[in-house]
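Biologist: I am new to this structure and should like to go through its local features one at a time. May we begin once the model is in view?

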Amino acid sequence: MTAPVVKCPTCHKEVVWNTDSLYRPFCSKRCKLIDLGEWAQEKYTVSSEDDPFSDLLDGK
């Protein structure tokens with residue numbers, strides 16, 4: 001069976017999804033760190049309907 005190929009979320013280079021790909025789904029450590037930096041700068045977010053802090057943000 002052939003390992004699946006995915007695109008790096010950062011640079012879109014093709015990456016073989018197997019144990020030899022240390023940074024999967026990223027193609028490199030650089031792309032992985034770029035993505036981490038985006039999360040740290042809050043450029044990415046995950047929304048949730050069950051946010052326990054939503055009332056704090058609404059000023060209630």
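Biologist: Is lysine 43 buried, partly exposed or exposed?

Modeller: This is a predicted model, and the values are computed from it. The relative accessibility of lysine 43 is 52%. The cut-off for exposed is over 50%, so lysine 43 counts as exposed.

Biologist: Which residue does the side chain of lysine 43 meet in a salt bridge?

Modeller: The structure holds one salt bridge. In that salt bridge the N to O distance is 4.0 Å. The partner counts as partly exposed, at 21% relative accessibility. The side chain that lysine 43 meets is that of glutamate 38.

Biologist: How many aromatic pairs are found in the whole structure, and how is the geometry classed?

Modeller: A search of the whole structure finds one aromatic pair. It is formed by tryptophan 39 and tyrosine 44, with 5.2 Å from centre to centre and 65° between the planes. Planes over 60 degrees apart fall in one class, and therefore this pair is edge-to-face.

Biologist: Are the two residues of that pair, tryptophan 39 and tyrosine 44, buried, partly exposed or exposed?

Modeller: Tryptophan 39 has a relative accessibility of 39%, and tyrosine 44 has one of 34%. Values between 20% and 50% share one class, so tryptophan 39 is partly exposed and tyrosine 44 is likewise partly exposed.

Biologist: Which residue makes a nonpolar surface patch together with Trp39 and Tyr44?

Modeller: The patch covers about 320 Å². The remaining member is found in the loop between H1 and H2. With a relative accessible area of 69%, that member is exposed. The residue is Val46.

Biologist: What is the phi of glutamate 42, and where does this residue lie?

Modeller: Glutamate 42 counts as exposed, at 64% relative accessibility. Its phi is positive, near 60°, in a residue other than glycine. Glutamate 42 lies in the loop between H1 and helix H2 (54-57).

Biologist: Where does histidine 12 lie, and what is its phi?

Modeller: Histidine 12 lies in the loop between strand E1 (5-7) and E2. At 54% relative accessibility it counts as exposed. Although histidine 12 is not a glycine, its phi is positive, at about 70°.

Biologist: Which residues are joined by a cis peptide bond?

Modeller: The omega of the bond is about 10°. One of its residues, proline 25, has its place in the loop between strand E2 (14-16) and helix H1 (29-40). The cis peptide bond joins arginine 24 and proline 25.

Biologist: How many disulfides does the structure hold?

Modeller: A disulfide is a covalent bond between the sulfur atoms of two cysteines. The total for this structure is zero.

Biologist: Why is cysteine 27 not bonded to cysteine 11?

Modeller: The closest cysteine sulfur to that of cysteine 27 is in cysteine 11. A disulfide requires the sulfur atoms to be within 2.5 Å. The two sulfurs are too far apart for a bond because the distance is 3.5 Å.

Biologist: Which cysteine has the sulfur nearest to that of cysteine 8?

Modeller: Cysteine 8 is buried, with a relative accessible area of 1%. It is in no disulfide, and the nearest cysteine sulfur is 3.8 Å away. That sulfur belongs to cysteine 31.

Terms used: Residues are numbered from 1 along each chain as its sequence is written. This is a predicted model: local features need pLDDT of at least 70, side-chain atom pairs count only at pLDDT 80 or more; totals for chains, interfaces and linings use all residues. Side-chain values use heavy atoms; hydrogens and water are left out. Helices (H or I, at least four residues) and strands (E, at least two) are DSSP runs, numbered from the N terminus. Buried means under 20% relative accessible area, exposed over 50%, partly exposed in between (1.4 Å probe, protein chains only). Rings of Phe, Tyr and Trp (its six-membered ring) pair if their centres lie within 6.5 Å; planes under 30 degrees apart count as stacked, over 60 as edge-to-face and the rest as tilted. Patches are made of residues with over 30% relative accessible area and no salt bridge: like charges are joined within 9 Å, nonpolar side chains (Val, Leu, Ile, Met, Phe, Trp, Tyr) within 5 Å. Accessible areas come from the Shrake-Rupley method with a 1.4 Å probe; for residues, only the protein chains shown count as cover.
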